[in-house]
Amino acid sequence: MESCKPKLGQARSLLFVCLGNICRSPAAEGVMQKLIDQRGLAERVRVDSAGTSSYHIGEPADRRMRAAAASRGYDLTSRARMIHRADFAKFDLIIAMDHANLRELLSYKESQAGCVRLLSDFLEPHWLREVPDPYFGGEQGFFEVLDMLEAACPAILTALDGQ
Ligand code: 4NP
């Protein structure tokens with residue numbers, strides 16, 4: 001994490017990225033936002049999400065993802081957008097949900113200046129290495145996504161903010 005060291009005294013910013021920005025990354029944003037609020041860090045840490053594709057730009061999070069998240073107390077309010085080059089300079093940490101997302105992010109030359117990681121870098125080794133894409137599967141997949149996000153977000157926040 002050497003290149004990811006935040007600048008002391010400045011607000012931190014974090015971007016979660018998946019393919020469509022309607023399932024995994026908006027859920028990650030919602031789980032992290034709640035954690036930030038619970039820890040009283042809203043002034044210090046900002047979180048956002050984006051997709052590597054343009055498929056769903058402008059759409060709210062997938063209805064099934066919103067329902068699964070709501071059942072655990074998360075309100076997903078984001079609208080899908082696509083990653084853009086300026087994001088690499090804007091965010092302290094950019095977290096990809098799977099290897100395809102990570103490869104796509106690293107294909108931007110601007111990514112060399114930023115700090116890009118895989119979500120599972122913040123999980124114990126018994127977890128899957130990728131957050132599985134729930135879009136074409138059943139309801140259970142959305143809860144498995146939330147399980148992984150809830151396990152990873154405290155470690156991500158600690159890495160980002162040291163709290
Ligand atoms: P996400 O899920 O990347 O977690 O938002 C997907 C959403 C839509 C599609 C694929 C994955 N799609 O092919 O439209």
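Okay, one definition before anything else: when I say buried, I mean under 20% relative accessible area, exposed is over 50%, and partly exposed is what falls in between. And keep in mind that what you see here is a predicted model.

So let's start with D98. It comes out at a relative accessible area of 12%, and because that is under 20%, D98 counts as buried. Where is it? D98 sits in the loop that runs between β3, residues 93–96, and α4, residues 99–106. Its side chain reaches over to the backbone nitrogen of N101, at 2.8 Å. If you leave out residues up to four places away in sequence, D98 touches R24, L118, E130 and V131.

Hold on to R24, since that takes us to the ligand. Which residues surround the ligand? From the early part of the chain you have C18, L19, G20, N21, I22, C23 and R24, then Y55 and H56, and finally D133, Y135 and F136. By class, that shell splits into seven nonpolar, three polar and two charged residues.

Now the polar contacts, which I guess is what this group wants to hear about. The side chain of R24 puts an N or O atom 2.7 Å from an oxygen atom of the ligand. For G20 the backbone does the job: an N or O atom there lies 2.8 Å from a ligand oxygen. And in the side chain of D133, an N or O atom is 3.3 Å from an oxygen atom of the ligand. As for cover, the ligand taken alone exposes 360 Å², and the protein buries 92% of that.

Last topic, the aromatics. How many aromatic pairs are there? The count comes to two. One is F88 with Y108: the ring centres are 5.4 Å apart and the planes sit at 45 degrees, so we call that pair tilted. This pair links distant parts of the chain, with F88 in helix α3, residues 87–90, and Y108 in the loop between α4 and β4, residues 116–118, and the two are 20 residues apart. Both F88 and Y108 are buried.

The other pair is Y135 with F136, and here the geometry is edge-to-face, 4.8 Å from centre to centre with 85 degrees between the planes. You've met these two already, as both belong to the set around the ligand. Buried or exposed, then? Y135 is partly exposed, at a relative accessible area of 29%, while F136 is exposed, at 75%. One caution on those two values: for residues, only the protein chains count as cover.

That's my tour, happy to go back to any of it.

Notes
Residues are numbered from 1 along each chain as its sequence is written. This is a predicted model: local features need pLDDT of at least 70, side-chain atom pairs count only at pLDDT 80 or more; totals for chains, interfaces and linings use all residues. Side-chain values use heavy atoms; hydrogens and water are left out. A residue is near a molecule or strand if one of its heavy atoms lies within 4 Å of it. A polar contact is a pair of N or O atoms within 3.5 Å; within protein, one must be able to donate a hydrogen and the other to accept it, and residues adjacent in sequence count only if both atoms are side-chain atoms. Accessible areas come from the Shrake-Rupley method with a 1.4 Å probe; for residues, only the protein chains shown count as cover. Ala, Val, Leu, Ile, Met, Phe, Trp, Tyr, Cys and Pro count as nonpolar, Asp, Glu, Lys and Arg as charged, and the others, Gly among them, as polar. Helices (H or I, at least four residues) and strands (E, at least two) are DSSP runs, numbered from the N terminus. Buried means under 20% relative accessible area, exposed over 50%, partly exposed in between (1.4 Å probe, protein chains only). Contact means heavy atoms within 4.5 Å. Rings of Phe, Tyr and Trp (its six-membered ring) pair if their centres lie within 6.5 Å; planes under 30 degrees apart count as stacked, over 60 as edge-to-face and the rest as tilted.
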